[in-house]
Amino acid sequence: MDRRQFLKAMGLSIATLSSSAALGAKPPSNTSFLFILADDLGWTDLGCFGSSFYETPNLDLLAAEGMRFTSAYAACPVCSPTRASIMTGKYPARLDLTTYISLNQGNQPENWQRNTPLLPAAYEDRMPLEEVTMAEAFKNHGYATFFAGKWHLGPEGWYPEDQGFDVNKGGYECGGPYGGNKYFSPYGNPRLEDGPEGEHLPDRLASETVKFIREHKDKPFLAYLSFYSVHTPLMARTDLQAKYEEKRQHWPETQWGKEGERKVREVQNHAVYAAMVAALDQAVGEVLDALQETGLYDNTVIIFTSDNGGLSTSEGHPTSNLPLRAGKGWLYEGGIREPLIVRCPGITPEGATCNTPVISTDFYPTMLELAGFPPLKVQHVDGVSFVSLLKGRYGLEREALYWHFPHYANQGGSPGAAVRAGNWKLIRFFEDNHVELYNLEMDVSEEHDLSVAMPEKARALAEMLDRWQRSVGAKFPKVNPGYHIK
């Protein structure tokens with residue numbers, strides 16, 4: 001009997017789970033870690049975060065058994081920088097890895113072909129080997145380390161096996177499943193053997209993770225399951241797609257808004273995308289069931305999050321991030337706010353919610369503290385442990401959260417930077433250096449720019465952002481001499 005069947009047999013529902021975890025307790029000895037990272041999954045793309053079209057029973061149950069963070073952020077509105085921030089505990093601007101890594105280098109300033117007012121800043125196209133990654137830290141403490149799925153942090157020589165992972169199943173330089181039959185075998189992936197024809201990639205990655213867990217059940221491990229889902233190409237299992245095509249017949253019609261020159265989806269009703277979300281959730285369930293069956297479920301810290309906001313303004317416009325503004329590629333909340341669930345046995349109260357802002361640089365120091373290991377002070381210059389939040393002691397000693405994105409996004413976003421201090425958020429747009437100011441407590445949709453009404457607050461946050469950019473050596477875009485106004 002798996003954990004969901006057990007709960008059903010006991011007559012329990014997600015809404016009635018108890019909050020019996022002992023706050024302030026220490027995690028069990030030899031704690032293992034399962035870190036699950038979705039790709040392009042938006043803040044409201046899970047049932048437990050508000051979606052009613054997408055169905056995610058496994059992740060909803062995980063949230064009911066742990067803590068749901070409602071103000072969790074990615075360090076960048078696109079993928080590679082956020083992934084590097086998780087691995088290193090450092091802001092992307094400090095690493096000079098500030099946009100997605102392009103295989104053809106087309107987003108570097110010397111190769112820029114788009115007619116834009118600015119040339120994007122240059123960036124590093126691989127995560128430096130000199131960084132002590134999360135995997136290397138845990139490996140140094142005797143942990144078995146495993147990686148499955150999307151890497152996108154550099155070419156061969158900078159793959160997961162070169163950055164502290166004992167096993168790599170599917171991680172290489174590509175940012176999506178673009179080889180072979182894409183989301184179905186044969187995969188055409190140099191780090192993942194093809195399965196039977198038609199095998200589904202999310203299920204395969206889950207199976208590889210389950211195999212690793214079973215083989216290492218007698219020693220602590222770090223399993224990093226980094227799904228390619230729900231990144232484009234938009235394609236799904238036929239059974240799940242048919243289910244959501246039928247559901248869509250009884251759903252509101254698609255509605256569109258505008259973000260700059262882009263249209264933005266305002267209704268979650270994309271059947272293929274819903275099927276991709278469902279397959280991701282089922283794959284997560286396979287791994288959680290394996291932890292239950294091996295007796296490791298209550299000795300494993302489980303973290304689930306995404307690498308940037310949902311895709312709402314481009315490339316098929318598959319999801320809506322409402323009430324958040326915009327999506328992937330934008331510095332508005334829809335581009336950087338993420339779903340985050342943490343289940344930490346003996347520490348997190350079941351069904352808890354935390355609204356204190358955290359960011360992807362924080363996972364590394366948090367996990368080290370949970371394992372009982374000292375922080376790496378040279379490494380964690382930006383990340384802050386949020387173990388106190390997991391214990392229910394809300395509030396962190398941190399001035400602000402920061403973003404620096406000196407690039408044009410494929411999804412419509414333009415070069416800029418942002419700071420969030422308390423409930424206040426300021427965005428600076430580099431093309432004309434104008435700023436926008438929002439009170440996120442009162443206006444999570446960022447509809448009411450207060451920069452003119454509150455110039456002193458805007459000035460204070462702008463100065464805070466300036467100081468931080470200088471401290472990390474942030475690079476900026478330059479004027480494009482070839483730009484012509486249409």
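This tour moves through a predicted model, stop by stop, naming what to select and what is found there.

**Stop 1: strand β1**

Begin by selecting residues 32-38, which make up strand β1. Seven of the seven residues of β1 are buried, so the strand is largely enclosed by the rest of the structure. Display the side chains next. In a regular strand the side chains alternate between the two faces of the sheet. In β1, Ser32, Leu34, Ile36 and Ala38 point one way, while Phe33, Phe35 and Leu37 point the other way. Residues of both sets are buried.

**Stop 2: the strands paired with β1**

Keep β1 on display and add strand β9, residues 300-306. The two strands run parallel and are joined by seven bridges. To find the register, select Phe35 of β1 together with Ile303 of β9, which stands opposite.

Now add strand β6, residues 221-226. This strand also runs parallel to β1, and five bridges join the two. Here the residues to select are Leu37 in β1 and Ser226 in β6, which stand opposite one another.

**Stop 3: aromatic pairs that start from β1**

How many aromatic pairs does the structure hold? The count is 29. Two of them begin in β1 and deserve a separate view.

Select Phe33 and Tyr143 for the pair described as tilted, with 6.4 Å centre to centre and 40° between the planes. Phe33 belongs to β1, whereas Tyr143 lies in the loop between α5 (134-140) and β4 (144-149), so that this pair links parts of the chain 110 residues apart. Phe33 has a relative accessible area of 1% and is therefore buried. Tyr143, at 5% relative accessibility, also counts as buried.

Next, select Phe35 and Tyr224. This pair is stacked, with 4.9 Å centre to centre and 15° between the planes. Because Phe35 lies in β1 and Tyr224 in β6, the pair ties together parts that are 189 residues apart in sequence. Phe35 is buried with a relative accessible area of 0%, and Tyr224 is buried with a value of 2%.

Then widen the selection to Phe35, Phe69, Phe147, Trp151, Phe165, Tyr224, Phe363 and Phe386. Together these residues form one aromatic cluster.

**Stop 4: charges over rings**

Two tryptophan rings come next. Select Trp256 and Lys263: the charged end of Lys263 sits over the ring of Trp256, 4.1 Å from its centre. Then select Trp43 and Arg337, where Arg337 lies over the face of Trp43 at 5.2 Å from the ring centre.

**Stop 5: Phe184**

Move to the loop between β5 (167-169) and α6 (201-215), and select Phe184. Is this residue buried or exposed? Phe184 counts as buried because its relative accessibility is 13%, and the cut-off for buried is under 20%. Which residues does Phe184 touch, not counting those up to four places away in sequence? The contacts are Gly198, Glu199, His200, Met235, Ala236 and Arg237. A distance can also be drawn from Phe184 to Asp194, ten residues apart along the chain: their C-alpha atoms are separated by 9.2 Å.

**Stop 6: Glu208**

Proceed into helix α6 and select Glu208. Glu208 counts as buried, at 11% relative accessibility. Its side chain makes a polar contact of 2.8 Å with the side chain of Arg204. Leaving aside neighbours within four places in sequence, Glu208 is in contact with Phe146, Lys169 and Leu192.

**Stop 7: backbone geometry**

The last selections concern the backbone. Start in the loop between β6 and α7 (238-248), where Val230 lies. A cis peptide bond joins Ser229 and Val230, with omega about 10°. Pro233 is in the loop between β6 and α7 as well, and a cis peptide bond joins Thr232 and Pro233, again with omega about 10°.

Finally, inspect two residues with positive phi. Asp96, in the loop between α4 (92-95) and β3 (118-119), has phi near 60° although it is not a glycine. Asp96 is buried, with a relative accessible area of 18%. Glu446 is found in the loop between β16 (435-439) and α12 (455-472). Its phi is about 50°, likewise positive in a residue that is not a glycine. Glu446 is buried, with a relative accessible area of 0%.

Notes: Residues numbered from 1 in each chain as written. Predicted model: local features only at pLDDT ≥ 70, side-chain atom pairs only at ≥ 80, totals over all residues. Heavy atoms only, no water. Helix = DSSP H or I, 4+ residues; strand = E, 2+ residues; numbered from the N terminus. Buried < 20%, exposed > 50% of the residue type's maximum accessible area, 1.4 Å probe, protein only. Contact = heavy atoms within 4.5 Å. Polar contact = N/O pair within 3.5 Å; in protein donor to acceptor, adjacent residues only side chain to side chain. Phe/Tyr/Trp six-rings, centres within 6.5 Å; stacked < 30°, edge-to-face > 60°. Lys NZ or Arg CZ within 6 Å of the ring centre and 35° of its normal. Pairing = 2+ DSSP bridges.
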